[in-house]
Each structure stands twice: as C-alpha cells, then as structure tokens.
Amino acid sequence: MINETELIEQLKQGDETAFKTIVEQWKDMVYNTILGIVQNETEAEDLAQDVFIKVFEKISTFKGDSKFSTWLYRIATTTALDHLRSKKRKKRFGFLQSLGGDGDEKESIPDFHHPGISLDNKERAAVLFKAIDGLPENQKTAYTLHKLEGLSYRDVSEVLNTTVSAVESLMSRANQNLRKQLEEYYNKHYK
Amino acid sequence: MTSKEKIQQEIEQTLQCLDGAKRAEANPFLFTRIKARMDRKANVWERSFSFISKPAIAVAIVVMVMAVNGWALWDNSGTIEPITTADPNVSELANEYNVVASVDNYDYENLTNE
C-alpha cells in the first residue's frame, strides 16, 4: 500500500489513480464533517465533491507543514461555512423580495436526522442539531469536529489554526449556548 | 422529581446523544461523480479554446477587430470640433467669481498678475 506522502506526490503529478485513492480514503471524513455543519445530505454531497475538486486543483499549495487530514478538514469546514453564508445571504434577499411582493410563505426548516445516530436517539439528536445550527460559526465548527468527528482538542486547534486553550474556551461557550437553547426548547415543549 | 429537574435531565441526555454517533458514509459513487464534473468543466474550456484557436476563426476575429477600429477612426475623423467658446452661463458665473472659464486657454501668468 502506498503511503500518504507518496500519494500526495503522485497527485501533484496529476495522477488519477492517486486522486481516486485519496477520494476513497477520505470521502467519509469529508462528507461527515460537512454534513454536521450544513445539516443537509444533498448539499453535503455536492460540497464534498467541491472539496475534492479543490484538493485536486490546489494540491501544489500543500507544503506538508500540517497533516494532510488537517488540510483536508480546513478545506471541508471552509467550504461548508462559505456555503452556509451564501445560503443566508440568499435567504435575506428572498425575505426582502417577499416584503415587496407576494411572499407570505414562511420557510420551515425540516428536522435533520444524522444517519450515524441510533434510532432511539434520533428525535433527541434532531433537537440538538437545531440548537447546533444556532451556534456562531467557530463554535459550530469546533463542536462538530470534536463531537461528530471525534477529534481531540489539539487536532481541532490545528484545523482551526488556533491554540488548545482557545478551543477549550470555544467548546465551553458552545456548551453554554446549547444548554440555553435546549432549556428554552424543553420549557416550551416539556409537559 | 420536579419539572425543573426533569428538564435538566432532558438537557443532559440531549447533550450526550451524539456520543458514540457513527460517521455518516458518503455516496459510494462519489469519485465517479467528481470525475464527471471535472470532465464537464474541462470540456467547456477545451471546446471554447479549440473553437477560438481555429485559424479561420482567429483570423476572422482579428479582421473584425481591425475593421471596427478602422470604422471608428473613419467615422470620428473631422467630426470633433474644438470647443472655442465657453457656455455663456459658465462665463457669467466665472466672471462673478473672478475665475478664467475658457477651456482652451490656460493663461496662468495673466491670472496671477490680475
């Protein structure tokens, strides 16, 4: 089996077999990360394709200063967050249009069910994902990488290009925000 | 157990529900789809570049650009008249504020001597 460094060197030469191996080896990691952030399976698949196309086009810029997986996580999270930003912009524009016209339809966001969650936790996880969606970008990224991808705080700090203590603080704030949102939710729905 | 305690319990359980979640699996045909997208992208560029680089098309484009330039030069030659007088309203305003308003005469020396 070819090691990672050789694989990257071959990809730099434009080798299609190396590219295929890279996609096959890292596709679940990329897809799962993006899915956790965008919370939509169709969009996550399209974005995972975008990520690997970027990898193919930008591999010459990978200098090997960080792990390849860290570089890949960075591209995946940036792509997912960019997508969310552009979606938000479009939604705002749509809202402005609806003010001027015939729009009294309110878009209701469907519950997101992550395919990796066991059936008995499905409903609970949908509530949690809705709360995660309300987190600020950096907290959402750190939380997703740690909870869904199982990365350690050190690994998360490398992806986010920050310190371990900054990640600890991000996670603590994320937990506080989630608790607040969940408390509101359960106060409203719990009888 | 009070309702507040029950709610706290629900929150704790919800926060822990991602523990042990399995990784979502990507489409098994992801590489095929990526490849198809890359080929489509390359084809668009290839087709447009190969069309433009055909000798007949390239020569036609150059001739067309030269013709448009030639026509523009011929059309404009002799039609541009130099402006020799300023707008009476502007002159009036200029006189009022003691400013030289002529567009073809920048007589700075006289202006400063006045």
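This is a conversation between a visitor and a guide about the predicted model shown above.

Guide: Quick ground rules: residues are numbered from 1 along each chain as its sequence is written, while chains are lettered from A and ligands numbered from 1 in the order in which they are written. Since the model is predicted, local features need pLDDT of at least 70 and side-chain atom pairs count only at pLDDT 80 or more, but totals for chains, interfaces and linings use all residues.

Visitor: What makes up chain A, helices or strands?

Guide: Chain A has eight helices and zero strands. Both are DSSP runs numbered from the N terminus: helices are H or I with at least four residues, strands are E with at least two. The C-alpha trace of chain A spans about 60 × 40 × 30 Å along its principal axes.

Visitor: How do you know where the domains of chain A are?

Guide: The bounds come from an automatic or database domain assignment. Domain 1 of chain A covers 1-107 and domain 2 covers 112-191. Their centres, taken over C-alpha atoms, are 20 Å apart.

Visitor: How many residues of domain 1 of chain A are in contact with domain 2 of chain A?

Guide: 12 residues of domain 1 of chain A are in contact with 12 residues of domain 2 of chain A. "In contact" is a distance rule: the C-beta atoms of two residues, placed from the backbone, lie within 7 Å. On the domain 1 side, α2 (16-38) and α4 (68-100) of chain A each give two or more residues.

Visitor: And which element of chain B gives the most to the side that touches chain A?

Guide: That's α1(B), with seven residues. Overall, 22 residues of chain B are in contact with 31 residues of chain A. The chain B side divides into 12 nonpolar, three polar and seven charged residues. For those classes, Ala, Val, Leu, Ile, Met, Phe, Trp, Tyr, Cys and Pro count as nonpolar, Asp, Glu, Lys and Arg as charged, and the others, Gly among them, as polar.

Visitor: Why is α5(A) called roughly perpendicular to α1(B)?

Guide: The axes of α5 (residues 122-133) of chain A and α1(B) cross at roughly 85° and come within 9 Å. Roughly perpendicular means 65 to 115 degrees (under 35 is roughly parallel, over 145 roughly antiparallel, the rest oblique). The crossing angle of roughly 85° therefore makes α5(A) roughly perpendicular to α1(B). Here A:Arg124, A:Val127 and A:Leu128 meet B:Gln13, B:Thr14 and B:Leu15.

Visitor: What makes A:Gln39 buried?

Guide: Buried means that 20 or more other C-beta atoms lie within 10 Å of a residue's own; 12 or fewer is exposed, and in between is partly exposed. A:Gln39 has 23, so A:Gln39 is buried. This residue lies in the loop between α2 and α3 (41-58) of chain A, and has a positive phi of about 55° although it is not a glycine.

Visitor: Why does A:Asn161 count as exposed?

Guide: A:Asn161 has 10 C-beta neighbours inside 10 Å, so A:Asn161 counts as exposed. A:Asn161 is in the loop between α7 and α8 of chain A, and its phi is positive too, near 55°.

Visitor: Which residues of α8(A) are buried?

Guide: They are A:Val167, A:Leu170, A:Ala174, A:Leu178 and A:Leu182. Their cover includes α5, α6 (137-147) and α7 (153-159) of chain A together with α1 of chain B.

Visitor: How do you know what span to expect for α8(A)?

Guide: Take 1.5 Å times one less than the number of residues. α8(A) has 26 residues and reaches 37 Å from its first C-alpha to its last, close to the expected 38 Å.

Conventions
Axes fitted to C-alpha atoms, helices over the stretch in contact; angles between N-to-C directions.
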